[in-house]
Amino acid sequence: MENLCKIYCSLLTSIGGSDDFKKKVIIIVSLLVVIILLHSTPSMALRTHIFFMGYPKAAISSGIIEDKEHNEVDKDKFAELNAKAYALTNPPVEKATQGELRNYLVRKFGFLHFAEYLGDT
């Protein structure tokens, strides 16, 4: 990681032009790095999704397990979507319906993972 930072810094210093351009490049590259890190694994993608749903405590504290039942029943569909189902061990409770938000589908696009709520099925 340290070597990547050195390479990144040397690239930025070698780019000619204004400081404004360098700042924009730094911001864009930094955002891309954060997005890649937050979606690099299924569990990180799931925690990111839960966090942005408005449940930061559950995103940090809940355990994540593979939902073997959904993965077995919908094996063909999930293979086509390049996805797997996961469940939270300590799911957040939705304020409006008091339902547990337990089951999620994590899809893989290239090397990035993206989560979505699967529903209470």
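User: Which residue in E3 is the bridge partner of Lys 84?

Analyst: The bridge partner of Lys 84 in E3 is Val 106. Please keep in mind that this is a predicted model, in which local features need pLDDT of at least 70 and side-chain atom pairs count only at pLDDT 80 or more, while totals for chains, interfaces and linings use all residues. Residues are numbered from 1 along each chain as its sequence is written, and side-chain values use heavy atoms, with hydrogens and water left out.

User: How many helices and strands does the chain have, and what pattern do they follow along the sequence?

Analyst: Helices (H or I, at least four residues) and strands (E, at least two) are DSSP runs, numbered from the N terminus. Here the chain has six helices and four strands, and along the sequence they follow the pattern α-α-α-α-β-α-α-β-β-β.

User: What is the order of the strands in the sheet?

Analyst: Two strands are said to pair if DSSP finds at least two bridges between them. In this structure the four strands make an open sheet in the order E1-E2-E3-E4, with antiparallel pairing. Strand E1 (64-66) and E4 stand at the edges with a single partner strand each, so one side of each is left without a neighbour in the sheet. Neighbouring strands are turned by 35 degrees against each other on average, direction ignored; for such angles, axes are lines fitted to C-alpha atoms, for helices over the stretch in contact, and angles run from 0 to 180 degrees between N-to-C directions.

User: How many bridges join E3 to E2, and how many join E3 to E4?

Analyst: Strand E2 (residues 83-88) and strand E3 (residues 103-109) run antiparallel and are joined by five bridges, one of the partnerships being that of Ala 85 with Leu 105 in E3. Between E3 and strand E4 (residues 112-117) there are six bridges, again in the antiparallel sense, and Arg 107 has Phe 114 in E4 as its bridge partner. E3 and E4 form a hairpin with two residues between them, and Gly 110 in the turn has a positive phi of about 65 degrees.

User: Where else is there a positive phi in a residue that is not a glycine?

Analyst: One case is Asn 82, with a positive phi of about 55 degrees, found in the loop between helix H6 (75-81) and E2. Another is Gln 98, with a positive phi of about 60 degrees, whose place is in the loop between E2 and E3.

User: Is Thr 48 buried or exposed?

Analyst: Buried means under 20% relative accessible area, exposed over 50%, and partly exposed in between (1.4 Å probe, protein chains only). Thr 48, in helix H3 (residues 42-53), is buried because its relative accessible area is 9%. Leaving aside neighbours within four places in sequence, Thr 48 is in contact (heavy atoms within 4.5 Å) with Leu 38 and His 39. Helix H3 itself lies across E1, E2, E3 and E4, running at about 45 degrees to E4. For comparison with Thr 48, Gln 98 is exposed because its relative accessible area is 57%, and Asn 82 counts as partly exposed at 42%.

User: What share of the residues in the chain is buried?

Analyst: Buried residues make up 26% of the 121 residues in the chain. Turning to contacts between residues at least 6 apart in sequence, 39% join residues at least 24 apart.
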